[in-house]
Amino acid sequence: MNSNFIVEKHFSLSTHLLKEALHLKLTLEEFILLIYFEDSIDKTFNVSLIEQATSLKESTILNTFNSLMSKRLITIESGKDMEGRRTESVSLNPFYEKLEEVKEEKEKEETKIDIYSAFETEFGRPISSMEYEIIGAWLEKGFKENLILGALKEAVYNGVTSLRYIDKILYEWQKKGYKSMNEVEKGLTRREEKKEIPNLFDYNWLDENEE
């Protein structure tokens, strides 16, 4: 196998973990220990081997290991070897799950910024602090980003740049059980399947009679 590939892969992984470690506010010793277990084939907690590989002192290793355990970033998993003897190994699954949570939070924040920017672009002006809070409240209530942007698009298409109007659209879609624009389009298609299907944004949701 190409040794350069191994080095690049290891560097890329370590760099990624380092960036995420900053978000988790890990100490240098905690980061080193996580890298050790990430790279190690043998996941057993062997202080002597860790000491040789990392140059950390035994007391530091023990304290760092306990710290990672208390932060629930690692766990000990029990199992059996080929001969049926009980074994224990260090699992980094909690750490990976935490990284995934951090990633999702970042994506949420980026999406919020994109949504706010979309409103400012469509309205042709900066949104007010109250409008910012209203949009944020929609997200907190669980409205999907594409649903909010779909309601925004319909409002602008109809010449209305009012969050109150958009809120009513979202409320009507919520009553119908729609959670995405795909579901909105499918719902409209089902209702109009025996008629000429109108454009999605020609449909007046606010004047719609209950089925």
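The largest pocket of the protein encloses about 180 Å³ of space. In this predicted model, the lining of that pocket is formed by Glu105, Lys108, Glu109, Lys112, Leu139, Glu140, Gly142, Phe143, Lys144 and Glu145. Two elements, H5 and H6, each supply two or more residues to the lining, and the largest share, four residues, is provided by H5. Sorted by class, the lining consists of seven charged residues, two nonpolar residues and one polar residue.

The pocket is set in a protein with nine helices and two strands. Read from the N terminus, the order of these elements is α-α-α-α-β-β-α-α-α-α-α. The protein has 211 residues, of which 33% count as buried. Its accessible surface amounts to about 14200 Å², and carbon and sulfur atoms account for 50% of that area. Among contacts in the protein with a separation of 6 or more, 48% join residues that lie 24 or more positions apart.

The interior was examined next. The largest nonpolar core comprises 23 residues, and the members that touch the most others are Phe119, Ile135, Trp138, Ile166, Leu170 and Trp173. Two or more residues of this core come from each of helix H5 (93-123), helix H6 (129-140), helix H7 (145-157), helix H8 (163-176) and helix H9 (181-191). The greatest contribution is that of H8, which gives six residues. H5 and H6 thus appear both among the elements that supply this core and among those that line the largest pocket.

The surroundings of phenylalanine 119 illustrate the packing in this region. When neighbours within four places in sequence are set aside, phenylalanine 119 is in contact with Ile127, Ile135, Trp138, Ile148, Leu152, Leu163 and Ile166. A second core, separate from the one described above, contains 22 residues, including Leu33, Ile35, Ile50 and Val102.

Towards the N terminus, alanine 21 belongs to helix H1 (residues 3-24). Alanine 21 has a relative accessible area of 4% and is therefore classed as buried, the cut-off being under 20%. With residues up to four places away in sequence left out, alanine 21 touches Leu26 and Phe31. The C-alpha atom of alanine 21 is also separated by 8.8 Å from that of leucine 99, although the two residues are 78 residues apart along the chain.

Two residues other than glycine were noted for their backbone geometry. Serine 55 has a positive phi, near 70 degrees, and is located in the loop between helix H3 (47-54) and helix H4 (58-70). The relative accessibility of serine 55 is 65%, and this residue therefore counts as exposed, a class that begins over 50%. Arginine 72 likewise has a positive phi, in this case near 60 degrees. The position of arginine 72 is in the loop between H4 and strand E1 (75-80). With a relative accessible area of 69%, arginine 72 is exposed. Both of these residues are thus found in loops, serine 55 before H4 and arginine 72 after H4.

Conventions
Residues are numbered from 1 along each chain as its sequence is written. This is a predicted model: local features need pLDDT of at least 70, side-chain atom pairs count only at pLDDT 80 or more; totals for chains, interfaces and linings use all residues. Side-chain values use heavy atoms; hydrogens and water are left out. Buried means under 20% relative accessible area, exposed over 50%, partly exposed in between (1.4 Å probe, protein chains only). Contact means heavy atoms within 4.5 Å. Accessible areas come from the Shrake-Rupley method with a 1.4 Å probe; for residues, only the protein chains shown count as cover. A nonpolar core is a set of buried Ala, Val, Leu, Ile, Met, Phe, Trp, Tyr and Cys residues joined through side-chain atoms within 4.5 Å. On a 1 Å grid over the protein atoms alone, a cavity is a set of points where a 1.4 Å probe fits but cannot get out, and a pocket is an open set with protein on both sides within 12 Å along at least five of seven lines; lining residues have an atom within 4 Å of a point. Grid points are joined across faces, edges and corners, and a volume is the space filled by probe spheres set on the points. Ala, Val, Leu, Ile, Met, Phe, Trp, Tyr, Cys and Pro count as nonpolar, Asp, Glu, Lys and Arg as charged, and the others, Gly among them, as polar.
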